[in-house]
Structures are given as structure tokens and as C-alpha cells.
Amino acid sequence: MQTASDPAIEFRQVSKRFQLHEGRTLREFIPALLGGRGWSPPFYALRDVSFSIARGETVGIIGRNGSGKSTALKLIAGVMAPTSGEVLVTGRISPLIELGAGFHPDLTGRENVFMNASILGMSTREVKAKFDEIVAFAELWDFMDTPVKRYSSGMYTRLGFSVAVHSDPDILLVDEVLAVGDTPFQEKCLQKMRDFQAQGVTMVYVSHGLDVVKQFCHRAVLLDGGHLLAAGDPAAVVQTYLDMVSSMQPTA
Amino acid sequence: MAHLQIAKRQPLRHGVGAVDLAAHLLAFWGRRGLLWHMTVRHLRGQYKQSFLGYAWAFVNPLSQMLILSFVFSTLLRFESGGVPFPLFVFVGLLPWIFFSSALASATDAVAGSASLVTKVYFPREILPVAAIFTKVVDLAFGLVILVGLMLYYEHVPTETIVWVPVLFMVHMIFTAGLSLPLAALNLYFHDVRYLVGMALTMWFYLTPVIYPESAVPERYRFIFDVNPNAIFINAYRRVILLDDSPGVERLLLGFAIAGGTFLIGYYLFKRMEPGFADRI
């Protein structure tokens, strides 16, 4: 049985390897198979990474592009499986990764709300109960019967965000979504995340916005080249990151 | 509140033993709401921005039936054993169109949902199964034409027609069992979709859709014993047109093939599933 002290998310010596140039056709695959060699040199997006995130904790993952942040999120979301090691996750996950991924352009806003919520694991009854809240949060009262292909990109993401935050998650995965929408909507999102913090929702926040990480996260994790370089107090980890970046490139 | 299957996800290593398969099926059943939404989504996308819209679900089988009847009955004088040829062809054609369009569509189902598969986890078999269910709706439109044909030729089916739903369930399980590994393999080798297209064309001619089994020389009839579609289509004809039971021996064979195909197919699909997001 799980207890309250169980971490919400735990990485145990997780490595994730990718094939960079994959053989997509049999013609590429069969010679590689017969030759007994790999199709392409492997690339490690994560290497022997261990950390755990307690329930109710907000953890920021920072690092340069290609450091393995998004791979870590995908492993938590259960979309990818680690090459070695274990990823343990407890709770209902709502990924705020590229919002509206499940939207069908020809379906109306209303239909897409039900569709997307269902993808996130909500029952129809749950969606019906929260429908007005979802629409109100997205501020799209007049557009629910419009196909989403007529939406602006801001409306699209607002609706996607609204569905995801109303899916009653235990764990929220946030990947740079606060950059969407106008300033009032961004503030509304931040407020919603603070509410989640207060309610004890676990959050993993991947961002280049270091100030937000410092203000908003309880802890931070620094990844570079697939290795875990530092974990702990956000201000200290952000400083480590800044030092690392400035030591790599001469000051402009 | 019902939690997702991943509520306590021990390492995402997909077990594929007998017990695990049962758990996977249970998880799949738990997400039937999503299956419904996915099916609707497919349906809405299928004939979008076409002038005739869902009328295409009528036009397609009807036009095939007319041309096949003209070529093989009027021009080539194929025998259909006392049953009007258009009716004979259509009873075989409808399940064939269901099978072939479902297989082709399901093969592409996972690859065609890349944006979802790389973002959110849900049992991936929902995608090919939704593609198959979409084709069930097309089949239902075709049934309306079938009823029309029966009225036109004044063919009154007997009580053996109650076998049709049973046959169709088995046929659908077979279709799903074949689709699942193909949908997974299609992510690894894009050749699969072309292979499926080619195989379906050849399969059509090796299945007694446009000709009766009796027109084939005895020594080649073994083809119909090992061809599940032949078993199903012959059985549909017997129960709808010939007032006959589906043939217990053949039917048991059909059951066995469908069940075996599904178990193996589902097993292979679940084995490959953890790698989908890497490959897509």
C-alpha cells in the first residue's frame, strides 16, 4: 500500500537512449540486422538520473536546450519508457505539454473539451459538472459551438490549459505554457498554479524562466547533457546553472 | 473518483503474461469513454469538407456492387447459385469492405496520432480499435442498402439470420487482432502500410466475394479453409441467403482463428507499445 510519505515521482538510476538516425524502411533495417551493428550511434538523453519529488512539492527542472528536460517530463507522463532504471509515479497526471494536442480542428470547442478531458482520464460526468468552470476559465463563452480551426492560437491554448487544470490532477506537468496568452491570462494561470500548490498538487515545472523557478518552486533540479548536476534550493541551483552557462561562453 | 490506470504505476515495463493481458484488457475497458470519443472524432474527420458527406458511406459500396454485378454477372456470366447476383455479391462485399477499410485505417491509426501519442498516456490500442469502430458505422449504412436489395428481390431471410451478429463479433475480433500488430509495426517500418494495401488486393481475389466457392476447382478449395475471411463471408451468405446454419466445423475454426489472432496480436502490440513515442 502507498503511504503519505511515498514520493509522488521517483527516478531510480534512469537512463534513456535514443537512436538518432532511425531506419524507417526495411531496406535500411535488414542490412543493419545482417551486419550485426546498430542502426545508428545511440544518444543518451538521460544518464543514470535519480531523484524523487514528494507529494505536494513543486519542482522546477532547468537546463540548456537538449539537456533532457523534456525527456524527463515524457518519462513521468508515461509516454516513454526508460531504457534502464525505473520511473515510479503515483497519482493522476495532467500534462500541460503543448496544450490542445488532442484537439480536432473540425470539432467544436464544446466537443473538443469533452474529447480532451476524456484523453486526460476524466469521465463524461466529471466534465459535465465542470464544463461551465472550464469555459469560464478559458473566457470562451461565445465560441463553444465554433470549430476550433477558427480559433486564434491564443484561444486554442487557453481552452487546452483550462481543460487540463480542471482535470483534478494529483500531478501537473508544466512545460513552458505560461508563455501563452496575454498578461491577464498569464496571471490567471499563475494564480491557478498557486491554488494547486495550496491544495497539495505535485507540480513539475520545466522552464527557461529562471525567475519564476526561484519564486514559485520549492526545489529545482539542474540537468545537463542528460546528467543530473544539482538538486535542491531553487536559488542555489539557478545560480549553479548561471555559473555553468557563463563559464561556457565568453561574456558578450 | 476513478483514477487513471497509472495511479500506482510500478516501472513502466509492460508485462505481457496472461495475467497482464487481462489487466491490460481491463484498463482498456476502463477507458471505453475515450474509445467512444475517439470513434466520433474519426467519424467527424472521415468525410469532412466533402459535398456528399456521409452519403459517401452509401455511394461507395453501392457503386462497387453495381460495377461488380455488371462485369461478373452480365458480361462474364458468373453463377451465384440461384440467388440474384447483385444480392449474392453484396452480402460478400459488405463484410469485405468492412474488413479491408478497417484494416487499412487501423494500420495508420497510431502513426496518424503522433501529437497525442507523444504527449499523453492512454492505452494505445484505443486508436486502432476506434478506427475499426468507425468502419462499423459505415457498415451500418451499407446494411440499409442490403435491406433495400432484399426488398427489391423479394428475398425474405429466415431465422438463421440471428447468426449474423455472432459472426460479426468474431469477424471484428479477427480484424482487431490483425490490425493491432500492424499498427505497431507501421511505426517501425513505414513499409507496412504499403504492404497492407498490396496484401488486401490479393486477399480480395482469394476470398469468394465475387464468385461462389463452388466455382473453384476442388484442389484449390483448401485456400478457403485457411482464409478466415472466406470462412466468415461464406457463413454470412449461408445464414442470410441460404437458410442454412453457418456450418459448425467451419465456424469453430473461425472462432479459433479469430481468438488466436487477437491474443497474439494484442500481445505483440503491448510488447511494442513502450517504444511508440520513441519511434513515431
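How many helices and strands does chain A have? Chain A has eight helices and nine strands, where helices (H or I, at least four residues) and strands (E, at least two) are DSSP runs numbered from the N terminus.

Before we go on, a word on the model: it is predicted, local features need pLDDT of at least 70, side-chain atom pairs count only at pLDDT 80 or more, and totals for chains, interfaces and linings use all residues. Residues are numbered from 1 along each chain as its sequence is written, while chains are lettered from A and ligands numbered from 1 in the order in which they are written.

**Exercise 1. Trace the open six-stranded sheet of chain A and find its edge strands.**

Step 1. Write down the strand order, which is E5-E6-E7-E3-E8-E9 in chain A, with mixed pairing. Two strands pair if DSSP finds at least two bridges between them.

Step 2. Look for strands that pair on one side only: these are the edge strands E5 (93-96) and E9 (227-232) of chain A. From one strand to the next, the twist averages 15°; axes here are lines fitted to C-alpha atoms, for helices over the stretch in contact, and angles run from 0 to 180 degrees between N-to-C directions.

Step 3. Compare the two pairings of E8(A). Strand E3 (residues 58-62) runs parallel to strand E8 (residues 219-224) in chain A, and four bridges join them; Gly60(A) has Ala220(A) as its bridge partner in E8(A). E8(A) and E9(A), in turn, pair in the antiparallel sense over five bridges, and Asp224(A) has His227(A) as its bridge partner in E9(A).

Step 4. Inspect the hairpin of E8(A) and E9(A): two residues lie between the strands, and Gly225(A) takes a positive phi near 55°.

Step 5. Add the helix. Helix H8 (residues 234-248) of chain A lies across E3, E8 and E9 of chain A, running at about 25° to E8(A).

**Exercise 2. Describe how H3(B) packs with H4(B), and how H10(B) packs with H11(B).**

Step 1. Recall the two quantities required: packed helices are described by the angle between their axes and the distance between the axes.

Step 2. Take helix H3 (residues 56-75) and helix H4 (residues 85-107) of chain B, which pack at an angle of about 130° with their axes 9 Å apart. H3(B) and H4(B) are therefore oblique to each other: angles under 35 degrees count as roughly parallel, over 145 as roughly antiparallel, 65 to 115 as roughly perpendicular and the rest as oblique.

Step 3. Assign the hand. The crossing of H3(B) and H4(B) is right-handed, whereas H10(B) passes H11(B) in a left-handed crossing. A crossing is left-handed if the near helix is turned anticlockwise from the far one by less than a right angle, and right-handed if clockwise.

Step 4. Treat the second pair in the same way. Helix H10 (residues 228-241) of chain B packs with H11(B) at an angle of about 135°, their axes being 10 Å apart, and the two are therefore oblique. On the H10(B) side the contact involves Pro228(B), Ile231(B), Phe232(B) and Ala235(B); contact means that C-beta atoms, placed from the backbone, lie within 7 Å.

Step 5. Check the length of helix H11 (residues 248-272) of chain B. H11(B) has 25 residues and reaches 36 Å from its first C-alpha to its last, close to the 36 Å expected at 1.5 Å a residue, the expected span being 1.5 Å times one less than the number of residues.

**Exercise 3. Sort Phe122(B), Asp168(A) and Arg77(B) by burial.**

Step 1. Set the cut-offs: a residue is buried if 20 or more other C-beta atoms lie within 10 Å of its own, exposed if 12 or fewer, and partly exposed in between.

Step 2. Phe122(B) has 25 C-beta neighbours inside 10 Å and so counts as buried. Phe122(B) is found in the loop between helix H5 (114-117) and helix H6 (126-152) of chain B, and touches Ile119(A), Arg31(B) and Leu34(B), not counting residues up to four places away in sequence.

Step 3. Asp168(A) is partly exposed, with 16 other C-beta atoms within 10 Å, and lies in the loop between helix H5 (153-165) and strand E6 (171-175) of chain A. Arg77(B) is exposed, with 8 such atoms within 10 Å, and lies in the loop between H3 and H4 of chain B.

Step 4. Finish with the backbone. Most residues other than glycine have a negative phi. Asp168(A), however, has a positive phi of about 55°, and phi of Arg77(B) is near 60°.

Conventions. Two residues are in contact if their C-beta atoms, placed from the backbone, lie within 7 Å.
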